[in-house]
Amino acid sequence: FPVTIILADPNYHQRIHALEKPEWVKKGILYSALFWTLFDAMAIWVVWQARILLQDAEGGDQLFLNLLQSGVPKWLAGIWGASMLAITISTANSFTFTGSQSIHHDIWRHWPIQRVSTNLNRGKWAIFIFTIFSTWMAWLFAEDSMVNMFYTVSPVVLSVVLIPLFMALYLPVKIPDISALFAGLIITFCTLLWSAFQMGEGTGLNAFIFGVSISLIVYGGLYIFARTKS
């Protein structure tokens, strides 16, 4: 599941295409994987320590902050807090600009807005729309945990992105952009509907499997139609 998220992450592909030489890409992926492994190992170690020191803590969402407040020296807590803030800000910036770029290039260019004629103005409006949408999502999960938000949103995103990503890489068939857009909307609606009817009894993995299955059917039909047309 996490590996699938990395492969479907638009920021991952954006950084790869930003490099000029393939050998830079290979080294960058290798170094990134090493740092990811180190980061995850440190995060797991911290959680273990928090479980030992804070045995009365309920749940796992607040363990990092609880340990920061009561389980480490002040100088280390300062570094720790600044690091968590930096991770949050950098992630928010990356997804804000990537999401705004998707709105600008993948949606608006199919329905040109005459009053917003320049690319710069459209880009500003795309950032504004994405920021409003992100704020709304944060408000929906304000009383929930980031973990639950992750497992609620990720299956929808992966279901829409994963199959067309592999098609673009390995299948030499051009699917019209407008068809791919409506296919994504259909897959999103079906996956959200599935999650809603589960009423909290299912898991993110169940929704992911269902969404990918719908995606295979929809994009499989588009692939067959595109092959017959060509």
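Me: In which helix is Phe35 found?
Reply: In this predicted model, Phe35 belongs to helix H3, which spans residues 22-53.

Me: Is Phe35 buried or exposed?
Reply: Relative accessibility decides the matter, and the cut-off for an exposed residue is over 50%. Phe35 has 60% relative accessibility and therefore counts as exposed.

Me: Which residues form a nonpolar patch on the surface with Phe35?
Reply: The general expectation is that nonpolar side chains in soluble globular proteins tend to be buried together. Here, a nonpolar patch on the surface is formed by Leu30, Tyr31, Leu34, Phe35, Leu38 and Met42. Together these residues have about 670 Å² of accessible area.

Me: How should the chain as a whole be read, and how many helices and strands does it have?
Reply: One begins with the secondary structure elements. The protein chain has 9 helices and 0 strands, and the order from the N terminus is α-α-α-α-α-α-α-α-α. Of its 230 residues, 25% are buried. The accessible surface amounts to about 16400 Å², with 69% of it belonging to carbon and sulfur atoms.

Me: What share of the contacts with a separation of 6 or more joins residues 24 or more positions apart?
Reply: Such pairs account for 62% of those contacts in the protein chain.

Me: Where is the largest nonpolar core to be sought, and which elements give two or more residues to it?
Reply: A core is read by finding its members and then the elements that supply them. The largest nonpolar core has 14 residues, and those with the most contacts inside it are Ile163, Met167, Ile175, Ile187, Phe208, Tyr219 and Leu222. The elements giving two or more residues to this core are H7, helix H8 (177-198) and helix H9 (204-229). Apart from it lies another core, of 8 residues, including Ala50, Leu67, Leu68 and Ala77.

Me: Which residues does Ile163 touch?
Reply: Beyond residues up to four places away in sequence, Ile163 touches Val212, Ser215, Leu216 and Tyr219.

Me: Is Ser159 buried or exposed?
Reply: Ser159, found in helix H7 (residues 146-170), has a relative accessible area of 0% and is therefore buried. Leaving aside neighbours within four places in sequence, Ser159 is in contact with Ile187, Thr191, Ala207, Phe208, Gly211, Val212 and Ser215.

Me: How is one face of a helix recognised, and which residues of H4 are buried?
Reply: One looks down the helix axis. In H4 (residues 63-70), the buried residues include Leu63, Leu67 and Leu68. The buried residues of H4 fall within an arc of 135 degrees, so they line one face of the helix. On the other side of H4, Gln69 and Ser70 are exposed.

How values were computed:
Residues numbered from 1 in each chain as written. Predicted model: local features only at pLDDT ≥ 70, side-chain atom pairs only at ≥ 80, totals over all residues. Heavy atoms only, no water. Buried < 20%, exposed > 50% of the residue type's maximum accessible area, 1.4 Å probe, protein only. Helix = DSSP H or I, 4+ residues; strand = E, 2+ residues; numbered from the N terminus. Arc of directions from axis to C-beta. Contact = heavy atoms within 4.5 Å. Core = buried A, V, L, I, M, F, W, Y, C linked by side-chain atoms within 4.5 Å. Patch = residues over 30% accessible without salt bridge, like charges linked within 9 Å, V, L, I, M, F, W, Y side chains within 5 Å. Areas by Shrake-Rupley, 256 points an atom, 1.4 Å probe, with all protein chains shown as cover. Salt bridge = Lys/Arg side-chain N within 4 Å of Asp/Glu carboxyl O.
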